[in-house]
Amino acid sequence: MLLITGQVKAWQAIENSTFDAFIQKAESLKDINVAQAFRFLEAQSQHLSSLSIENQLIYNKLLAELYVEQAQYQQGYNLASDALKLARGLTSPSITSSEILYARGFALESLGDYQAAREDYLNGLEIADSLNNKKILAIGLVNLGALDYLMEQFDRSLIMFNDALAIAQKINDDELLGYISGEMGILYSLINQEDKSLSYHKSAYEYYIKAGKVLYAINTLRNIASSHSVNERYEEAIEVYEQVLENINEISNNELIASVYSGMAWAQVKQKDSDPEASYQYMLIASQYIDQTEQVDIPIAHALDKGYLFLELGRYQEALDNMHIATEYLKQYEGSDQKIVTTISKLNLLYLKAETYFKIKDYQQAYQAQDEFISFALSLPEKSNVDETEDLRMRYESEQADLQTKILEQKESVQSLLLSDAKNEVKYRQIFITVFALVALGLAWILIKIIRGQKKLLRATITDRLTKVANRAQLLQSGDRLFTQAKTDNTRLSAVTITVDNLRQINLEHSHNTGDFILKKIAELGLEHINEQGVFARFDAGKFVVLLINNTEQQVNVIVDKIRLSIAQNNWSEQNVIHVSISIGIAHFHPDKHPTLASLLTNADLLKHQASNEEKNKVSDDE
């Protein structure tokens, strides 16, 4: 009985006179060891009801943040929801309510409910704005910006981050500047600005060290190591990962730990002195932590990460196993607004399938996966708001340079003194920093540059090197799709074959360079008359094939004659060639006449030979 009384009195003393000191101690523990801070708070949970509503909110806010930072998102969501119900007892909104909304929003974001997360972020932002709390307002802007880049709204994300940065620079808060810099680093990685990304992550690390935020600095080291891996500096990545592992006992976030071990696994196998066994062991360790995670997109990212590593290690059955696991996970994203995760996961999965099946010599499956990969990659918008983001980036950076110049010029001014006062005023205020965002996209950060490189390579493999039009492989792939469409939807499809008259003679009398110039010019002139739905391809040395859809036979004849005339009337004198002409064959799809694409192309080819044999510069069709 005496012991119980003593505990109550101790708590009452904290409540009445030292609650702020109690919370400050918990915040200090949070900076170095989240688990210790959690235990410190939990030890007093039974006395929570003796606190005022405002102090209960502060306690629950901090506890919810600790749940989230340990990647226990459902617990964090539940506690934050209960705390917000309690907040209804306040006569007016408090800034603590705003921070609780941010904590719940991040839990929802991690659990995959982006729309609900956005609502919480916006509500928290509205409270911060109404109370004119610049720091919490800036955090809300960053939270929304991070949600934007997850939905591939990169331009909007950059606007949010730069608005937050303007506030952070005015109040000169190192912790807030670290948070913004870290998120900027993620954004620039996603838009393939790797040098800029690394620079921001390094800045974030320095800010966190200055602010005494040890664990946030450690998390930033993980991002720096990942950036080194993206740039194939694997030895440097290993050094930084090892720094994180030295502090592994202070980290209680299983997602963070798993990403470090999987990152180390990849770096070990890719470094100059490759260590496959160490790589395999590191990945097994990572898997142990993944089993305990809640973030919805972590499992698919890890399954793909393992699949790629096992493919690299030649462990093909294990690569296949993880490929099948990732396939099942991907089904959950159908219709999802998690665009970054969906796009990158699908590309990675299809590429992994193609590579793995090729290695085990299942060429039919490999071809099918490669075909799906090509079709999906080409279906993605060629231009996105990345272009707008680049324009915004240049404008903001110019503005920042001007701002820095003005600050230097006014260093001794009254404004500088006011900013200094503002810094001192907010120095000891605590904030919630959601620095563990986007762990599930660790794989994406590492592979996004590879994927974009693959897309460039992909376009190279389906484009004729000389003429820059589609090559034979792309023609046949597109042709299969259009032929199937014509059969099933009863749409019009015409095949046109074009050969250059006397190309061999031109090569002999002039040079192959002249012949190459003629072929490039013919491709250029031909493309001018083909709409976006048509296909213009170089089939072999001197032969082009055109596929036209949704055109009547008369319309096709008009298009083809325009091509013929543009080539015949072109000025070839620069190449010392008096005249260039082409022979053309046209075949129109008829279900009873053309059972396959090959039969349609063969028919067009026969008609082209007929035109060439009768006389040059002629069109022959099957009307």
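Are Glu65 and Lys61 buried or exposed? I began my notebook with this pair, and I noted that both Glu65 and Lys61 are buried. I should say at once that I am working with a predicted model.

**Entry 1: the chain as a whole**

I looked up the overall make-up and found 26 helices and five strands in the protein chain. Of the 623 residues in the chain, 54% are buried. I then turned to contacts with a separation of 6 or more, and saw that residues 24 or more positions apart account for 69% of them. The surface that the protein chain exposes comes to about 29,000 Å², and carbon and sulfur atoms supply 49% of that area.

**Entry 2: salt bridges**

I reminded myself that side chains of opposite charge can pair when their charged atoms come close. The count for this model is 20 salt bridges, and I followed a few of them one by one.

I returned to Glu65 and Lys61, which form a salt bridge whose closest N and O atoms are 3.6 Å apart. Both residues sit in helix α3, residues 53-69, and because they are four residues apart there, about one helical turn separates them. I also wrote down that this pair belongs to a wider network of salt bridges, in which Glu27, Lys30, Lys61, Glu65, Glu69 and Glu99 are linked.

Next I looked up Glu175, which forms a salt bridge with Lys213, with 3.5 Å between the closest N and O atoms. Glu175 lies in helix α9 (residues 174-190), while Lys213 lies in the loop between α10 (194-211) and α11 (214-230), so this pair ties together parts that are 38 residues apart in sequence. Glu175 and Lys213 are both buried.

For another example within one helix, I chose Asp605 and Lys608, whose side chains meet in a salt bridge at 3.5 Å, N to O. These two are three residues apart in helix α26, residues 597-614, and therefore about one helical turn lies between them. Asp605 is buried, and Lys608 is buried as well.

**Entry 3: how α3 packs with α5**

Two packed helices are described by the angle between their axes and the distance between the axes, and I looked up both values here. The axes of α3 and helix α5 (residues 95-110) come within 9 Å, and they cross at roughly 25 degrees. Angles under 35 degrees count as roughly parallel, and α3 and α5 are therefore described as roughly parallel to each other. Their crossing is left-handed.

I then asked myself which residues of α3 meet α5. On the α3 side I listed Glu54, Leu57, Ile58, Lys61, Ala64, Glu65 and Val68, and on the α5 side Thr96, Ser97, Glu99, Ile100, Ala103, Phe106 and Ala107. I noticed that Lys61, Glu65 and Glu99 are listed here, and that Lys61, Glu65 and Glu99 are also named in the salt-bridge network.

**Entry 4: how α10 packs with α11**

The axes of α10 and α11 are 9 Å apart, and the two helices pack at an angle of about 160 degrees. Since angles over 145 degrees count as roughly antiparallel, I recorded α10 and α11 as roughly antiparallel to each other. α10 passes α11 in a left-handed crossing. Among the residues that meet, I picked out Leu198, His201, Tyr205 and Ile209 in α10, and Tyr216, Leu221, Ile224 and Val230 in α11.

While I was at α10, I looked up Tyr207, which lies in this helix. At 25% relative accessibility, Tyr207 counts as partly exposed. Leaving out residues up to four places away in sequence, Tyr207 touches Asp174, Leu177, Gly178 and Ser181. For Ser181, which is 26 residues from Tyr207 along the chain, I noted a separation of 8.7 Å between the two C-alpha atoms.

**Entry 5: two positive phi angles**

Where does Lys468 lie? I found Lys468 in the loop between α21 (442-461) and α22 (472-489). Its phi is near 70 degrees, a positive value in a residue other than glycine. With 60% relative accessibility, Lys468 counts as exposed.

Asn550 is not a glycine either, yet its phi is positive, at about 60 degrees. I placed Asn550 in the loop between β3 (543-549) and α25 (553-568). Asn550 has a relative accessible area of 40%, and I therefore entered it as partly exposed.

Note on methods: Residues are numbered from 1 along each chain as its sequence is written. This is a predicted model: local features need pLDDT of at least 70, side-chain atom pairs count only at pLDDT 80 or more; totals for chains, interfaces and linings use all residues. Side-chain values use heavy atoms; hydrogens and water are left out. Buried means under 20% relative accessible area, exposed over 50%, partly exposed in between (1.4 Å probe, protein chains only). Contact means heavy atoms within 4.5 Å. Accessible areas come from the Shrake-Rupley method with a 1.4 Å probe; for residues, only the protein chains shown count as cover. A salt bridge is a side-chain nitrogen of Lys or Arg within 4 Å of a carboxyl oxygen of Asp or Glu. Axes are lines fitted to C-alpha atoms, for helices over the stretch in contact, and angles run from 0 to 180 degrees between N-to-C directions. Angles under 35 degrees count as roughly parallel, over 145 as roughly antiparallel, 65 to 115 as roughly perpendicular and the rest as oblique. A crossing is left-handed if the near helix is turned anticlockwise from the far one by less than a right angle, and right-handed if clockwise.
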